[in-house]
Amino acid sequence: MSLAPDCFRAAGRMSFRKQVRVSSALLLMPLAGLLAGSTAAAAPPLHQRIDELVAAQAGGALGVASDDAEFLRRVYLDFAGRIPSAAEARAFLADSSADKRAHLIDRLADSPEYVRHMSEFLHVMLMERLGDDQSWQTFLQTSLAENKPWDQFVREILYPEVEDEALRGAAFFITKRLEKYGQNPVDMPGLVRDVGRMFLGVDVQCAECHDHLFVDDYKQQTYQGLFAFLGHTFIRRDVKFPAVGENLLTQKVAFKSVFVMEDLATGPKLLDGEEVEIPMLPKGEEYLVAPDKKKRSPGVPKFSPLRVLSEQLPRRGNRAFEKNIVNRLWWKLMGRGLVEPLDLHHSDNPPTHPQLMALLVDEFGNHAFDMKWLLRELARTQTYQRSSRQSVSAGDADQDGPVSAQSYRRGLERPLSAEQLLASVWQATGPGTAAAASNTDPQAAPEEGSTAATLDELRDKFTAALSNPPREPEISINPTVKAALFLMNDAAVLQLLTPRDGNLIARLVEIEAGEPAAHELYLSILSRPPTEDELAEVAGYLADHPEQRPEACADLAWALLASTEFCVNH
Amino acid sequence: MPGPLCKPWEHQLSRRHWLGTVGAGAVGALGCGGLLPPVLADEVNQSKRQVLFVWIDGGMSQLESWDPKPNTQFGGPFRAIDTSVPGIQVSELLPRTAQQMHHLAIIRSLCTQDNSHSAGVGRIQRGDPKNRGVTYPYFGSAVAKLMGPGASKLPPYVWIKPGSGGFKHQDAGFLGPRYGALAFGDGQPPENLVRPASLSADRARDRSLLRQRANERYLQGRPSSVTEANSYVFDVAQTLMDRKELFDESAFSRKDVERYGSHEFGRHMLLGRKMLEAGVRFVKVNSYGWDTHGDNFNGHASLMPKFDQAFAAIIEDLAASGMLEQVLVIAMSEFGRTPRINGHIGRDHWPEAWSLAMAGCNVRRGVVVGETNPQGTWVESEEYDIGHMFHTWFKALGIDPHHTEYDNGGQPLPIAHDDCGVIEELLS
């Protein structure tokens with residue numbers, strides 16, 4: 001890496017950002033050429049190379065491709081955070097053009113719903129339900145709207161801007177973790193841990209007091225070096241928005257293993273990086289802006305470890321930083337990380353597909369950490385587009401035993417967040433085909449004068465009933481009794497299934513009880529046409545309840561909303 | 001999990017295995033905090049054993065309960081009385097429980113490590129294992145994990161307590177939130193337990209059948225684990241709804257209410273008995289307000305009769321119905337109280353020498369284990385820490401505490417403190 005940290009130390013923040021853009025552009029082009037070798041121009045697109053590497057390691061026959069409906073639902077959930085409307089489903093299923101899948105991926109990735117969904121995704125991933133803040137949401141949405149490169153995004157979180165209102169909410173990642181809970185002291189180890197987990201894919205918590213007992217790579221030095229960057233931070237109380245202050249860091253952090261009673265010390269140090277030298281500034285000259293007690297202003301130290309962290313951590317060549325985000329985005333679309341747990345990268349826990357990981361890291365870097373580009377490429381792979389059903393004709397399950405998840409021979413079932421589930425329920429039960437086709441924004445306000453719960457009220461309820469407790473990563477499908485009771489009995493949920501203003505039930509009551517009703521029901525909720533069995537079931541049930549048509553329609557709709565097929569991304 | 005093309009009998013096996021190894025709301029294959037030898041889990045799962053865990057929050061005084069020292073320097077004003085077992089005496093504040101002594105075992109030689117509430121409550125209920133950088137599960141979560149919900153399909157770990165209810169995930173520690181407690185705050189049922197009047201029972205049943213059929217169709221060609229997990233939580237929810245009469249205090253028999261007491265603790269203990277009868281694996285019943293730093297003796301004079309009444313009643317009932325053969329009963333606090341009486345006529349926190357009471361399963365009946373010195377200040381016999389108790393309880397439940405481990409994402413973790421062992425003289 002030619003970008004030595006020293007050259008940034010004196011540089012101001014703005015100039016640093018410019019520098020990085022310029023230097024990455026200069027640096028990366030030849031690098032890309034090198035990696036791709038002499039055939040750079042002829043190299044197949046990334047999604048093909050991914051499929052080749054996955055196939056080479058599959059260890060058995062690959063499953064069949066998803067059908068259009070399966071793909072459609074999946075890609076809507078992954079890029080728009082909701083299921084498609086019945087109209088959108090009909091249009092896509094009827095479309096006979098060959099490139100309609102790629103076209104849909106592009107359209108959704110460029111839609112405002114992508115911004116909303118990715119903001120939710122990053123919010124849930126980074127904050128783990130610790131809390132929320134308007135300025136943080138502004139930061140997320142602004143960043144996603146301009147498709148901000150991941151390195152810049154992380155840089156802005158680690159060394160938050162104060163002046164720019166669109167950016168300063170980034171501080172919430174740190175300030176929320178510096179809050180006190182009851183009489184407990186500030187959970188500084190929690191902040192250190194989360195910076196490591198979220199941005200480097202390492203959970204160094206167990207290395208606070210001694211070298212990690214079963215991960216050789218995680219030394220106490222690893223934890224303490226990271227701690228030295230962060231341990232002197234505090235929440236600024238002189239401003240109304242989330243803002244991080246830094247106390248002076250004038251000496252190394254002293255530590256001692258509980259096993260080996262040897263006095264050790266370290267300055268700020270990032271995993272394998274160089275230890276940052278702490279400058280010895282004469283007394284009275286430590287601050288760029290001196291603290292002002294009258295204004296309760298904490299001052300700005302000349303030496304800012306956070307700034308150094310923001311320079312050293314999110315950048316090309318920091319392999320841990322690069323692998324972490326690539327792995328998390330892979331997990332988002334494929335349902336399994338190349339490294340699992342997502343926050344336990346180390347040399348004894350290598351990726352299931354090392355070459356694939358290297359390829360993704362290099363290409364993501366070559367494309368300037370463009371998340372949307374990577375997600376789009378991943379979605380174009382056959383790996384992503386494989387059916388989650390095992391094709392019976394493939395016939396190899398009996399011989400090979402269970403198909404392992406990490407072979408990617410079959411699409412994996414994935415959890416839906418509370419946000420995705422709400423947006424999907426709202427879409428499925430919602431306003432009406434015509435309206436849905438023209439207005440696909442699930443945030444659209446319900447009709448005036450409606451007595452039903454508003455989307456905001458529903459969001460609170462869904463989050464309470466369906467999300468994990470704080471600090472529990474939402475990475476696996478996690479059905480709970482609480483969620484089941486919520487879906488079965490909550491008044492606001494059941495209210496969505498009463499006929500009103502052209503919503504799903506109102507439409508189902510109006511249209512013919514046979515095939516048309518079944519099609520509307522299944523396309524609206526499961527985004528696919530019904531099978532013969534399902535047609536018969538719907539017709540039979542409606543025929544059994546001729547006097548209670550709205551109720552019967554609600555029963556059929558509820559059963560599909562509570563089904564596994566609706567509640568997971570498959 | 002079997003492959004997607006599994007045969008029906010494999011499906012059965014998988015379901016049984018799954019039910020046996022996970023608690024409420026779990027996905028066995030996908031979950032964190034795994035369990036060990038599945039063989040063991042199957043064996044244990046055959047067990048009908050249950051736990052009644054009576055938690056006396058704040059610290060019951062051993063001198064005013066299980067280990068009276070009348071007429072000594074720190075003995076306080078209360079006398080000791082005879083019990084149904086010749087030679088064993090308890091405080092006169094336990095007159096009814098004294099008559100059940102032939103079912104009970106008292107241990108008087110506890111010596112534990114923490115004298116603060118904030119840390120001690122969790123530390124005791126987690127068994128105070130060696131620090132391995134993880135948060136251990138509370139005893140209830142541990143039992144939920146190791147023994148599963150059993151045949152009742154009710155949640156394996158319920159907690160009846162004053163105050164707020166809800167799903168208390170914190171208890172589960174590294175096992176993951178699904179092994180937390182379902183808390184019935186103020187004895188009330190969980191949110192959304194009652195089917196709204198707008199939905200008839202017939203329609204609710206139809207909905208459930210339609211949902212199950214949709215899931216069966218979805219399963220074609222797919223692995224079963226996710227759908228089974230999903231179905232399981234709906235089953236548990238339905239079972240709870242079907243048993244909502246458990247929460248209906250107006251249906252409690254007048255005689256029962258009189259025997260257990262019409263006070264909060266009595267009502268909660270009675271609800272606890274109903275939960276046990278309904279098949280809940282682990283029932284915790286909570287009493288608060290025992291931190292008698294001031295006016296300890298009036299405090300205990302007012303608190304102990306409620307405990308005595310409800311505890312004696314449930315022991316008597318469990319013994320009469322034969323359930324005591326299967327139900328391990330434990331009554332304890334996070335520590336005892338100081339022998340020294342402070343300036344506010346109170347007793348402070350004292351983990352150095354205290355007592356608890358047990359009954360049921362193969363716990364020996366009518367025995368006292370361990371003794372303190374004549375003034376009650378220190379343990380004179382061998383000291384037992386909470387780790388010894390966890391070993392003993394697991395063994396009583398049929399779980400080998402030395403050969404069973406948790407699997408925390410590859411990290412093997414003993415289920416009880418490695419340096420402690422079973423107190424054999426407590427078990428028959």
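**Exercise 1. Describe the surroundings of Thr381(A): which residues does Thr381(A) touch, not counting residues up to four places away in sequence?**

Solution. Thr381(A) touches His47(A), Ile50(A), Asp51(A) and Met334(A) once residues up to four places away in sequence are left out. The model is a predicted one. Next, place the residue in the fold: Thr381(A) sits in the loop between helix H16 (371-380) and helix H17 (397-400) of chain A. Last, classify the residue by accessibility. The relative accessibility of Thr381(A) is 0%, and buried means under 20%, so Thr381(A) counts as buried.

**Exercise 2. Set out the overall make-up of chain A and of chain B, taking secondary structure, burial, contacts and surface in turn.**

Solution. Step one is secondary structure. Chain A comes to 27 helices and eight strands. Chain B has 11 helices and 16 strands.

Step two is burial. Of the 570 residues in chain A, 56% are buried. In chain B, with 428 residues, the buried part is 63%.

Step three concerns contacts with a separation of 6 or more. In chain A, 69% of these join residues 24 or more positions apart. The corresponding value in chain B is 74%.

Step four is the accessible surface. Chain A exposes about 23600 Å², with 53% supplied by carbon and sulfur atoms. For chain B the surface is about 15700 Å², and carbon and sulfur atoms hold 49% of it.

**Exercise 3. Locate the largest nonpolar core and say which residues have the most contacts inside it.**

Solution. Begin with the count: the largest nonpolar core has 111 residues. Within this core, Leu52(B) and Phe307(B) have the most contacts. Then ask which element gives the largest share; this is helix H10 (residues 296-321) of chain B, with 10 residues.

Now take Phe307(B) by itself. Leaving aside neighbours within four places in sequence, Phe307(B) is in contact with Val54(B), Ile56(B), Met60(B), Trp66(B), Leu94(B), Phe265(B), Trp290(B), Ala312(B) and Ala331(B). Another core, of 98 residues, lies apart from the largest one; Leu270(A), Leu309(A), Ile325(A) and Leu338(A) are among its members.

**Exercise 4. Characterise the interface between chain B and chain A by residues, area and polar pairs.**

Solution. First, count the residues: 51 residues of chain B are in contact with 47 residues of chain A.

Second, take the area. The size of an interface is often given as the accessible area lost when the parts come together. Between chain B and chain A about 4400 Å² is buried, and carbon and sulfur atoms give 62% of that. On the side of chain B, Arg207(B), Arg217(B) and Tyr218(B) lose the most area to chain A, together 15% of what that side buries.

Third, list the polar pairs. There are six salt bridges between chain B and chain A. Arg213(B) forms a salt bridge with Glu537(A), with the closest N and O atoms 2.7 Å apart. Polar contacts across the interface come to 14 residue pairs, both residues being at pLDDT 80 or more.

Fourth, name the elements involved. Helix H6 (201-219) and helix H7 (225-242) of chain B each supply at least two residues of the side of chain B that touches chain A.

**Exercise 5. Examine three salt bridges within the chains, giving for each the distance and the burial of the partners.**

Solution. The total over all chains is 67 salt bridges.

- Arg376(A) and Asp110(A): the closest N and O atoms are 3.7 Å apart. Arg376(A) lies in helix H16 of chain A and Asp110(A) in the loop between helix H6 (100-109) and helix H7 (112-127), so the pair ties together parts that are 266 residues apart in sequence. Arg376(A) is buried at 18% relative accessible area, whereas Asp110(A) is exposed at 51%.
- Glu113(A) and Arg116(A): the N to O distance is 3.5 Å. Both residues lie in helix H7 of chain A, three residues apart, about one turn of the helix. Both are buried.
- Arg123(B) and Asp128(B): the closest N and O atoms are 2.9 Å apart. Arg123(B) is partly exposed, with a relative accessible area of 33%, while Asp128(B) is buried at 14%.

To finish, consider shared partners. Salt bridges of this kind join Glu128(A), Arg177(A), Asp187(A), Asp194(A), Arg197(A), Asp343(A) and Arg471(A) into one network.

Technical notes: Residues are numbered from 1 along each chain as its sequence is written. Chains are lettered from A and ligands numbered from 1 in the order in which they are written. This is a predicted model: local features need pLDDT of at least 70, side-chain atom pairs count only at pLDDT 80 or more; totals for chains, interfaces and linings use all residues. Side-chain values use heavy atoms; hydrogens and water are left out. A nonpolar core is a set of buried Ala, Val, Leu, Ile, Met, Phe, Trp, Tyr and Cys residues joined through side-chain atoms within 4.5 Å. Buried means under 20% relative accessible area, exposed over 50%, partly exposed in between (1.4 Å probe, protein chains only). Helices (H or I, at least four residues) and strands (E, at least two) are DSSP runs, numbered from the N terminus. Contact means heavy atoms within 4.5 Å. Accessible areas come from the Shrake-Rupley method with a 1.4 Å probe; for residues, only the protein chains shown count as cover. Buried area is the accessible area (1.4 Å probe) that two parts lose on being put together, summed over both. A salt bridge is a side-chain nitrogen of Lys or Arg within 4 Å of a carboxyl oxygen of Asp or Glu. A polar contact is a pair of N or O atoms within 3.5 Å; within protein, one must be able to donate a hydrogen and the other to accept it, and residues adjacent in sequence count only if both atoms are side-chain atoms.
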